[in-house]
Amino acid sequence: MGLFDRLKRGLKKTSQVLKTDVRDLFKNGEILTDDHLAEFEKRLIESDMGVAASMEIVEELRKKHRGRTVDLSEIWKTVRDKLVELLKGDEGVNWDPNDELSPLNMAQQGPTVILVAGVNGVGKTTSIAKLANLLHQAGKKVVLAAGDTFRAAAVEQLTMWSERIGCDIVTKPSGTDPASVAFSGCERALETGADVVIIDTAGRLQTQKNLMLELEKIYRVIGKKVPGGPHESLLVLDATTGQNGVNQAEVFSEIIDSTGLILAKLDGTAKGGIVIAIRKKMGIPVKYVGVGEQIDDLQLFDPEQFADALIAE
Ligand code: GDP
């Protein structure tokens with residue numbers, strides 16, 4: 001199955017709701033009224049898109065179509081264009097649906113350093129493995145740095161994945177300072193001429209101050225070894241946790257100054273609209289989505305493709 005079809009399948013429930021709703025709400029040839037719009041807004045909110053984004057979509061419809069004769073294809077075009085705009089944001093991310101690495105900011109020279117953060121349980125370890133696999137498949141030489149040293153299981157799991165992928169990994173004994181793992185990971189990448197080093201970080205939600213100090217230290221040692229690094233600071237979020245997860249993630253996001261989101265477990269939620277709500281709330285581009293537990297279940301998030309899948313027949 002192609003990527004677009006897999007995405008479409010994952011979003012089937014959401015798109016069915018949207019499509020059916022729109023078909024019985026707006027009928028070709030009728031005049032579009034405020035009542036129609038209010039009802040559509042309600043249903044958008046029910047798809048988990050969030051109030052702010054739903055209002056923006058409806059506002060756009062109001063501006064363009066209210067009081068006019070309904071032309072369903074025109075209405076869809078307005079909704080689609082607005083979705084794309086909401087999802088793209090204005091960070092100037094380079095989206096190329098044919099290049100899975102396109103949204104990543106790669107170093108001009110020397111290794112690219114990717115820092116990955118996220119609260120325990122969101123799917124961080126799995127997402128790192130999937131991303132490593134994606135890079136490996138694209139011909140990049142990858143080093144993993146198992147920096148979540150507070151969790152022996154996370155280190156073991158990452159080691160197992162690295163063996164399966166066939167990429168290098170740097171680990172240290174349980175409890176080692178994560179910054180020292182980050183340092184060694186960068187060092188290994190430089191020694192072996194690796195293209196990318198992916199650094200795992202602690203996922204426990206400690207006090208904000210400790211977390212900040214820990215991450216500051218990690219940033220410092222990375223910058224010392226690889227000037228300009230980290231080039232990407234990706235935050236992993238669980239798409240099934242809704243608003244609560246987002247609030248927790250906001251703390252992380254600010255501390256690591258994240259450049260992008262990986263939205264894991266998108267296959268576990270029937271409401272694909274959550275991607276729009278999270279994008280809007282966090283103000284950071286979604287770069288990848290996790291759609292299953294297997295190593296190749298990570299997809300490039302392309303706003304245009306996603307909007308199409310969401311409103312596809
Ligand atoms: P961590 O604690 O954040 O490192 O989370 P893990 O990577 O260990 O993942 C926690 C659980 O979520 C595991 O059982 C994973 O298999 C599962 N998981 C991770 N990503 C996905 C995904 O995209 N889809 C599904 N269905 N499960 C996932």
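These legends go with a set of close-up views of a predicted model.

**View 1. The largest pocket and the residues around it.**
Start with the open space here: the largest pocket holds about 180 Å³. Its lining brings together G123, T126, S127, K130, Q157, A264, K265, D267, G290, V291, G292 and E293. Sorted by character, those lining residues come out as two nonpolar, six polar and four charged. Which helix gives the most to this lining? That would be helix α6, running over residues 124-137, with three residues. As for how such spaces are found, rolling a probe the size of a water molecule over the atoms shows where empty space is left.

**View 2. D34 and its two arginine partners, R62 and R66.**
Look at D34 and you'll find a salt bridge to R62, where the closest N and O atoms are 3.2 Å apart. This pair ties together distant parts of the chain, since R62 belongs to helix α4 (residues 51-65) and D34 to helix α3, 28 residues apart. D34 also forms a salt bridge with R66, and here the closest N and O atoms are 3.0 Å apart. That pair, too, links distant parts of the chain: R66 sits in the loop between α4 and α5 (72-88), D34 in helix α3, and their positions lie 32 residues apart in the numbering. Are these side chains buried or partly exposed? R62 is partly exposed, at a relative accessible area of 29%. D34 is partly exposed as well, with 35%, and R66 counts as partly exposed at 44%.

**View 3. A salt bridge within helix α3, between K42 and E39.**
The side chains of K42 and E39 meet here in a salt bridge, 3.8 Å from N to O. Why are they separated by about one helical turn? Because they are three residues apart in helix α3. In general, an α-helix has 3.6 residues a turn, so residues three or four places apart point the same way. K42 is partly exposed, with a relative accessible area of 45%, and E39 is partly exposed with 25%.

**View 4. A nonpolar patch on the surface.**
I45, V51 and M55 make up this patch, and together they have about 240 Å² of accessible area. I45 has its place in helix α3, which covers residues 34-46. With a relative accessible area of 31%, I45 is partly exposed.

**View 5. A network of salt bridges.**
How many salt bridges does a search of the whole structure find? The count is 25. In this view, K77, R80, D81, K88, E304 and D308 are linked in a network of them. As a general point, side chains of opposite charge can pair when their charged atoms come close.

**View 6. Helix α12, largely enclosed by the rest of the structure.**
Helix α12 spans residues 303-310, and six of its eight residues are buried, so the helix is largely enclosed by the rest of the structure. Which residues of α12 are buried? They are P303, Q305, F306, A307, A309 and L310.

**View 7. Helix α11, mostly covered.**
Here's another helix with plenty of cover: seven of the nine residues of α11 (residues 274-282) are buried. The buried ones are I274, V275, I276, A277, I278, R279 and M282. G283 follows α11, and its phi is positive, near 65 degrees.

**View 8. R188 in helix α8.**
Helix α8 takes in residues 178-192, and R188 is found there. R188 is partly exposed, its relative accessible area being 27%. Another residue to pick out is V170: it lies 18 residues from R188 along the chain, and the C-alpha atoms of the two are separated by 7.8 Å.

**View 9. D238 in strand β5.**
Strand β5 covers residues 232-238, and D238 is found in it. Is D238 buried or exposed? At 7% relative accessibility, D238 counts as buried. The C-alpha atoms of D238 and D96 are separated by 24 Å, and the two residues are 142 residues apart along the chain.

Methods. Residues are numbered from 1 along each chain as its sequence is written. This is a predicted model: local features need pLDDT of at least 70, side-chain atom pairs count only at pLDDT 80 or more; totals for chains, interfaces and linings use all residues. Side-chain values use heavy atoms; hydrogens and water are left out. Patches are made of residues with over 30% relative accessible area and no salt bridge: like charges are joined within 9 Å, nonpolar side chains (Val, Leu, Ile, Met, Phe, Trp, Tyr) within 5 Å. Accessible areas come from the Shrake-Rupley method with a 1.4 Å probe; for residues, only the protein chains shown count as cover. A salt bridge is a side-chain nitrogen of Lys or Arg within 4 Å of a carboxyl oxygen of Asp or Glu. Helices (H or I, at least four residues) and strands (E, at least two) are DSSP runs, numbered from the N terminus. Buried means under 20% relative accessible area, exposed over 50%, partly exposed in between (1.4 Å probe, protein chains only). On a 1 Å grid over the protein atoms alone, a cavity is a set of points where a 1.4 Å probe fits but cannot get out, and a pocket is an open set with protein on both sides within 12 Å along at least five of seven lines; lining residues have an atom within 4 Å of a point. Grid points are joined across faces, edges and corners, and a volume is the space filled by probe spheres set on the points. Ala, Val, Leu, Ile, Met, Phe, Trp, Tyr, Cys and Pro count as nonpolar, Asp, Glu, Lys and Arg as charged, and the others, Gly among them, as polar.
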